[in-house]
Amino acid sequence: MQQSDRKKQWQRIQQQLSYTFRTSRFYQRVFQEHCVQVDCITSYEDFSKLPITTKEQLQQYNEDFISIPQEQIIDHVTTSGTLGEPVSYYLNEYDLERLAENESRSFKLAGITRQDKVLITTTLDRRFMAGMAYFLGLRKLGAGAIRTGGGLPGLQWESIFRFKPEYIIAVPSFLLKLIQYAEENQIDYQNSSIRSAICIGEPLRTSNFELNSLGQKISSLWDIELFSTYASTEMATAFTECYKHKGNHVPEDLIFTEVLDQDGNHVAAGEIGELIVTPLNVQSMPLIRFATGDMLTYTDTACECGRKGRRLGPVIGRKQQKIKLKGTSLYPQHIIEILNRFNGLQNFIIEVSLDKNGVDRLKILIPESFREIESLKEHLKAFLNVLPEIRLEDSKTLQYLKFPANSRKPKIFYDLR
Ligand SMILES: [Zn+2]
């Protein structure tokens, strides 16, 4: 980052700190307990000594984070609750406008213009922030929105041929469902109006920014450009890749990011660490140094598209999901990637539990109709160095586990530890 940009960003961080200290009961208490004088935080070094805010704190003291009068709250949403119960999150007019600005810029990064139409296949209701954010972003950009929401592949295809959108916003595994539905119903999906997909909820790329096996699978079936994005309710920010597809650009005026090791030290570019965020310019629920639990890498070199600033690699798992197998540390995405690379295995669930000695035990649930168990075992042994337990399940149970009734995303990883 250039000196002038750094200075500007530092001013924004300081503004956010002093706003938060004035308005948030939670941070007033925490800063007092840690003897933090907000006026004395004058450098990044000072800032990096501030205590980390955890998801547990956000859950336990949820109301104490609200920094505006109740009557100013417009949108009431909850977090995805990937781990544990969902947590309440609030937005006022200002925050909704900030969200619209963030998404409209994200869409521009993916090449969307006001001439384009976009099919939104993520849910707009069910207390979900992202669907609303997409709509607001498209509205701000002046592009067209088609709000089909989740599920209903028949309605999705009918809407695509009716309104001819160029873009689709979707969870990657839902794109596979759409392809499957089209093939079963003789829909000429190769010749639809869709040129690109904005993908959310599952990683599409490996840490080298190559398409991962899920991305490759979609690409091999449907010739559209895939853009990965990464977002969460608490971050109140989406990170999107540009047409070079080399990591998700960080909108640095809207969020400050740090990537830390387990001792709280900054990791070097390219190394895996936990993403810690300080969303900037947020009014309703400001968070300072919030630990997302998402493990990823970053790079600070200029992108081939010419943009400067930080880019984030794909999320390889959650901090708590680290699995230790015979001394090696793995994250769910590693195992998902290995299983996806095995041709012919369409559906699976990964389960981790503890054995009687307290050691991690890995189990893979696969459809009972699957016939190539021996070669799958060899494949797993070759890439994991250990052979996990394999359990056959009927496909209905697998489907139920993968798309639980109240989940917004497919659930492939079950942590029973
Ligand atoms: Zn770029």
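Does Cys40 count as buried or exposed, and at what relative accessibility? In this predicted model, Cys40 counts as exposed, because its relative accessibility is 52% and the threshold for that class is over 50%.

The zinc ion is coordinated through three cysteine sulfurs and one histidine nitrogen, namely the SG atoms of Cys242, Cys303 and Cys305 together with NE2 of His249, at 2.2 to 2.3 Å. Along the chain, these donors follow the spacing C-x6-H-x53-C-x1-C. The arrangement around the zinc ion is tetrahedral, because the four donor atoms subtend angles of 102 to 113°. For comparison, the ideal angle for four tetrahedral donors is 109.5 degrees. Two of the coordinating residues were examined for accessibility: Cys242 is buried, with a relative accessible area of 0%, and His249 likewise counts as buried, at 7% relative accessibility.

A search for disulfides across the whole structure returned zero. Cys40 accordingly takes part in no disulfide, and the cysteine sulfur nearest to that of Cys40, which belongs to Cys35, lies 12 Å away. Cys199 is also too far from any other cysteine for a bond, because its sulfur is 15 Å from the closest cysteine sulfur, that of the zinc-coordinating Cys242, whereas a disulfide requires a pair of sulfur atoms within 2.5 Å. With respect to accessibility, Cys199 is buried, its relative accessible area being 1%, while Cys40 counts as exposed at 52%.

Methods: Residues numbered from 1 in each chain as written. Predicted model: local features only at pLDDT ≥ 70, side-chain atom pairs only at ≥ 80, totals over all residues. Heavy atoms only, no water. Donors = N, O, S within 2.8 Å, 3.2 Å for Na, K, Ca; no water. Tetrahedral: all angles 85-135°; square planar, octahedral: opposite > 155°, others 65-115°. Buried < 20%, exposed > 50% of the residue type's maximum accessible area, 1.4 Å probe, protein only.
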